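The following exercises concern one molecular structure. Please read each task before turning to its worked solution.

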Amino acid sequence: RKLGIALVGLGQYSEGELAPALEKTENCRLAGIVTGTPEKAETWKKKYNIPDKNVYDYKTFDQIADNPDIDIVYVVLPNSLHAEYTIRAAKAGKHVICEKPMAMNAEECQQMIDACKKANRQLSIGYRLHFEPHHQEMMRLGQKETFGKVNRIIAHNGQVQDAKNLWRLGKGIGGGGPLRDVGVYCLQGAIYTKGQLPIAVSAKLHPVTDPEKFSNVEEGIDFTLYFADDTTAECRASFNDKYNQLRAEAANGWFELSPAYGYSGLEGKTSKGKMDIENVPQQARQMDAFANCILTNTPTTVPGEMGMRDVQLIEAVFKAARTGQKVPTPNLVEILDKS
Ligand code: NAD
C-alpha cells in the first residue's frame, strides 16, 4: 500500500518540488492538501485529482484525524509555524515530516518530539540531502577517512533573497534569515562529512549593505564549528551573495561538491578526479525512505532529534555572533547519520 501524504502550505516548495516529486514516489502519494487559499485548493484538486474530503484549511486541519487516506502530514509552512502544525498533526494521530529548520528554538523542538512520541508517531525533518548520492559519498569519504583524517571543512551556501519573500526576511510572520534558511545546510554538511558533533562555535555577522531589506534578519554570517580533534568547519550563509560549496581537506587529499546544495546539477570532485555520480530525484527518495520507515517500523535517519540538534547549533551560532565569544556546545542532542 502507498501511504497518503497531505502537504500543509502550498507555497513555492510544495508546488515546485514536493508535489511533482510525489508523482515519482513508490511508497507514498499525494493524498491531501491543507491551504488557506480556496483558489489554490481548486487548482490542486484538478491537477492532482484530490477528492474534496481530503482538502483542509487551517481551521478544519484537526479534522484530518478522522481521515484514513492521510498517513503522513508534511509541514511546508514558514519556519515559525512548524511547531504548531507538527504538534497538531501528531495530536491528529499522523506521522509527520517537518521542513527545515525544524523550529524557532530548542524548546519548540522538544515539544514537537514529545507530541510525536506521545502519539506513537514518527517525526522526520525534510533533510533531502541525506538521501542524495553525492552527499552520501561525502559522508563515506569523510567518515571512513578515505583520504585520511579530515582537518578542514568549508561549507558555503548563499543566495540573493528577493525583497518580496517577506517571511524569509523576518517580516510578517518571521522566522527567516540566511543562517536558518541556508546556513542549516552548512551545519549539516560539516557534521555528516566529519561524522562528529562540534564542541564549540564562533561567529561574525556580515556588514549590512541593504538596511531596508535586512532590518529584521542578518544579511549574512560567517561561523566556525570546532571539533574535538582540532578540525574546523568554516561556514558562510548569506541572503545577498551566491555561493554553493561543501569541501573537505584531509591528510592525503580533498573532496568537494560544487554546486553542493541544489535540487539537481550537483557535481563532485576529489584530489583523485571527478566523482562519477548521477543526480537523482532527491525529494522522491526522501519521502519514499520515510514512508518505508513507517511501513517497516524502522527509525528514520533524519529524525526530530537531528532537527533539534541543528536548532541548538543555530542558537549557539547566534549567541557567538552576539557576544563575539567562542561558545561551547555542551548539551547537543547526540545524533549522527553514520555512513
Ligand atoms: P513559501 O512562502 O513559498 O510558502 C509558504 C506557504 O505557507 C505559502 O503558501 C503561504 O500561503 C502559507 N502560509 C500559511 N500560513 C501562513 C502565514 N500565517 N504567513 C505566511 N504564509 C503562510 O515558502 P517555501 O519556500 O515553500 O518554504 C516553506 C518551508 O519549506 C520553509 O520551512 C522552508 O525552509 C522549507 N523549504 C525547504 C526546502 C528544502 O530544500 N528542503 C526548500 C524550500 C523551502
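Three exercises follow, each with a stepwise solution.

The model is a predicted one, in which local features need pLDDT of at least 70 and side-chain atom pairs count only at pLDDT 80 or more, while totals for chains, interfaces and linings use all residues. Residue numbers start from 1 along each chain as its sequence is written.

**Exercise 1. Describe the division of the chain into domains and the contact between them.**

Step 1. The chain comprises domain 1 (3–126) and domain 2 (134–277 + 304–328), with bounds that come from an automatic or database domain assignment.

Step 2. Taken over C-alpha atoms, the centres of domain 1 and domain 2 are 27 Å apart. To the contact, domain 1 contributes 20 residues and domain 2 contributes 18 residues; two residues are in contact if their C-beta atoms, placed from the backbone, lie within 7 Å.

Step 3. On the side of domain 1 that touches domain 2, helix H4 (106–118) and strand S6 (123–125) are the elements that give two or more residues. H4 gives the most, with six residues. Helices (H or I, at least four residues) and strands (E, at least two) are DSSP runs, numbered from the N terminus.

**Exercise 2. Locate the ligand and characterise its shell.**

Step 1. The ligand is surrounded by 18 residues, and the closest are Gly9, Gly11, Gln12, Tyr13 and Glu99. A residue is near a molecule if its C-beta atom, placed from the backbone, lies within 6 Å of it.

Step 2. Helix H1 (residues 12–21) gives the most to this shell, with three residues.

Step 3. Because domain 1 (3–126) and domain 2 (134–277 + 304–328) both give residues to the shell, the ligand lies between them.

**Exercise 3. How is helix H3 oriented against H4, and is H3 largely enclosed or not?**

Step 1. Helix H3 (residues 82–91) packs with H4 at an angle of about 10°, the axes being 8 Å apart. Axes are lines fitted to C-alpha atoms, for helices over the stretch in contact, and angles run from 0 to 180 degrees between N-to-C directions.

Step 2. H3 and H4 are therefore roughly parallel to each other, the class for angles under 35 degrees.

Step 3. Ala83, Thr86, Ile87, Ala90 and Lys91 in H3 meet Glu108, Gln111, Met112, Ala115 and Cys116 in H4.

Step 4. Eight of the ten residues of H3 are buried, so H3 is largely enclosed by the rest of the structure. A residue is buried if 20 or more other C-beta atoms, placed from the backbone, lie within 10 Å of its own.

Technical notes: Angles under 35 degrees count as roughly parallel, over 145 as roughly antiparallel, 65 to 115 as roughly perpendicular and the rest as oblique. A residue is buried if 20 or more other C-beta atoms lie within 10 Å of its own, exposed if 12 or fewer, and partly exposed in between; C-beta atoms are placed from the backbone.
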